[in-house]
Amino acid sequence: MEYRYLGRSGIRVSELSLGSWVTFHKQVDVDHAVEMMSAARDAGVNFFDNAEVYAKGKSEEVMGAALKKLGWRRGSYLVSSKFYWGMHEGINEKDTLNRKYLMEAIDGSLQRFGLDHLDLIFCHRPDPHTPIEETVWAMHNIIESGKAIYWGTSEWSAQEIVAAIEIAERHHLHKPMMEQPQYNMFHRQVFEVEYARLFRDYGYGTTTWSPLASGLLTGKYNDGIPDGSRGSLKGYEWLREQLTDPKLIKKVKQLSTVAGDLGASTAQLAIAWLLKNTNVSTVITGASRVEQVKENMKALDVVPKLTDDVMETIEKILE
Ligand SMILES: NC(=O)c1ccc[n+]([C@@H]2O[C@H](COP(=O)([O-])OP(=O)(O)OC[C@H]3O[C@@H](n4cnc5c(N)ncnc54)[C@H](OP(=O)(O)O)[C@@H]3O)[C@@H](O)[C@H]2O)c1
């Protein structure tokens with residue numbers, strides 16, 4: 001495992017990390033979380049991603065309970081949460097990045113985790129109604145209070161991110177350091193084109209999500225939706241159209257051939273391909289069982305096999 005600087009910060013994140021969306025609480029209980037986080041840590045992972053909205057706070061509780069059981073030294077790992085959607089229906093408490101919500105959200109999150117600070121916190125989506133300046137000040141104040149160490153954005157436009165950085169610079173506040181965007185073989189435009197200037201001009205860090213496009217890039221959906229997979233879960237019907245898109249499945253099958261030639265699984269190829277991009281600080285992997293964690297971590301062995309020729313073959317498939 002290599003450790004990449006998170007943008008222009010002094011903190012280093014393992015190039016592969018582990019997240020808990022969909023899985024923790026719904027598919028993974030505390031004991032399984034312990035097993036999966038241990039396997040990830042054995043492979044060198046130092047960053048575990050979470051969000052207030054995941055399983056309505058239960059994902060933070062499961063991860064917090066797992067961390068307690070694991071008993072790792074606090075300094076040896078990084079843990080995150082993300083705020084925007086909120087836990088309550090009340091006005092000012094959902095779909096917002098207002099100051100009151102953010103100041104209370106961090107406290108709720110720390111309580112569920114059972115921790116006294118988080119390492120990375122993200123504004124989970126942009127809020128077009130709250131002035132960016134208010135959000136930047138709130139995130140700065142949370143960091144000054146010691147409840148979090150670094151802050152960033154998730155799925156913000158490059159323009160919004162630049163606005164936040166410039167406000168922070170103007171007022172000498174803690175700047176956002178990293179974005180959490182979707183990035184995978186089938187979702188490239190924003191990361192590779194829109195964000196190019198963030199990387200060039202600001203050295204912005206990234207913790208990228210859905211490396212396997214929710215499992216599509218493993219090949220498990222090649223013949224329909226298997227029982228027990230994410231695509232079969234109640235509440236995730238909206239994913240099914242993409243998971244069974246014939247045009248994408250055709251590409252997955254071609255990618256599987258490339259992976260097979262390299263002695264790798266399709267999932268490992270897809271994850272290794274992301275690591276070739278130096279603008280990625282860490283790829284947040286997801287898994288519903290420990291075997292998947294172990295398989296995905298071995299993507300590290302595939303990176304050196306991605307020669308220019310192999311990358312070109314992949315590019316032709318993805319075109
Ligand atoms: N900031 C945001 O807005 C945002 C949004 C989404 C995710 N995230 C973060 O990014 C993390 C990763 O996203 P993701 O879970 O969508 O990642 P993903 O890698 O695209 O999908 C992970 C899912 O694919 C299946 N899978 C993984 N490895 C497999 C393997 N080797 N073989 C077969 N199936 C495999 C598992 O689902 P099944 O076994 O159930 O099929 C697993 O839960 C999340 O946990 C979260 O922390 C952030």
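These exercises work through the fold of a predicted model and the surroundings of its ligand.

**Exercise 1. Overall shape**

Task: Work out whether the radius of gyration agrees with that of a compact globule.

Solution:
- Start with the length: the chain has 319 residues.
- A compact globule with that many residues would have a radius of gyration near 20 Å.
- The chain has 19 Å, which agrees with the globule value.
- Add the dimensions: along the principal axes, the C-alpha atoms fill a box of roughly 50 × 45 × 35 Å.
- Finish with the secondary structure, which comes to 12 helices and 10 strands.

**Exercise 2. The shell around the ligand**

Task: Locate the ligand, then describe the residues around it by type and by element.

Solution:
- Place the ligand: the largest pocket holds it.
- Count the shell: 33 residues surround the ligand.
- Pick out the nearest: Asp49, Ser210, Ser214, Lys220 and Ser288.
- Sort the shell by type: 17 residues are polar, 9 are nonpolar and 7 are charged.
- Assign elements: strand S10 (282-285) and helix H11 (290-297) each give the shell at least two residues.
- Rank them: H11 contributes the most, with 3 residues.

**Exercise 3. Polar contacts to the ligand**

Task: For glycine 19, tyrosine 54 and glutamate 295, state which kind of ligand atom each one meets, and at what distance.

Solution:
- A polar contact needs two N or O atoms within 3.5 Å.
- Begin with the backbone: an N or O atom of glycine 19 lies 3.5 Å from a ligand oxygen.
- Turn to the side chains. In tyrosine 54, a polar side-chain atom is 3.4 Å from a nitrogen of the ligand.
- In glutamate 295, a side-chain N or O atom is 3.3 Å from a ligand nitrogen.
- Now check burial: the ligand taken alone exposes 900 Å², and the protein buries 96% of that.

**Exercise 4. An arginine in a loop**

Task: Find where arginine 74 sits in the chain and which backbone oxygens its side chain reaches.

Solution:
- Locate the residue: arginine 74 lies in the loop between helix H2 (58-70) and strand S5 (78-83).
- Take one partner: the arginine 74 side chain reaches the backbone oxygen of tyrosine 77 at 3.2 Å.
- Take another: the arginine 74 side chain reaches the backbone oxygen of histidine 117 at 2.9 Å.
- Put together, the side chain of this loop residue contacts the backbone of tyrosine 77 and of histidine 117.

Terms used:
Residues numbered from 1 in each chain as written. Predicted model: local features only at pLDDT ≥ 70, side-chain atom pairs only at ≥ 80, totals over all residues. Heavy atoms only, no water. Near = heavy atom within 4 Å. Polar contact = N/O pair within 3.5 Å; in protein donor to acceptor, adjacent residues only side chain to side chain. Areas by Shrake-Rupley, 256 points an atom, 1.4 Å probe, with all protein chains shown as cover. 1 Å grid on protein atoms, 1.4 Å probe; cavity = no way out; pocket = protein on both sides within 12 Å on 5 of 7 lines; lining within 4 Å. Sits in = over half its atoms within 2 Å of the grid points. Helix = DSSP H or I, 4+ residues; strand = E, 2+ residues; numbered from the N terminus. Nonpolar A, V, L, I, M, F, W, Y, C, P; charged D, E, K, R; others polar. Rg over C-alpha atoms; globule rule 2.2 N^0.38 Å.
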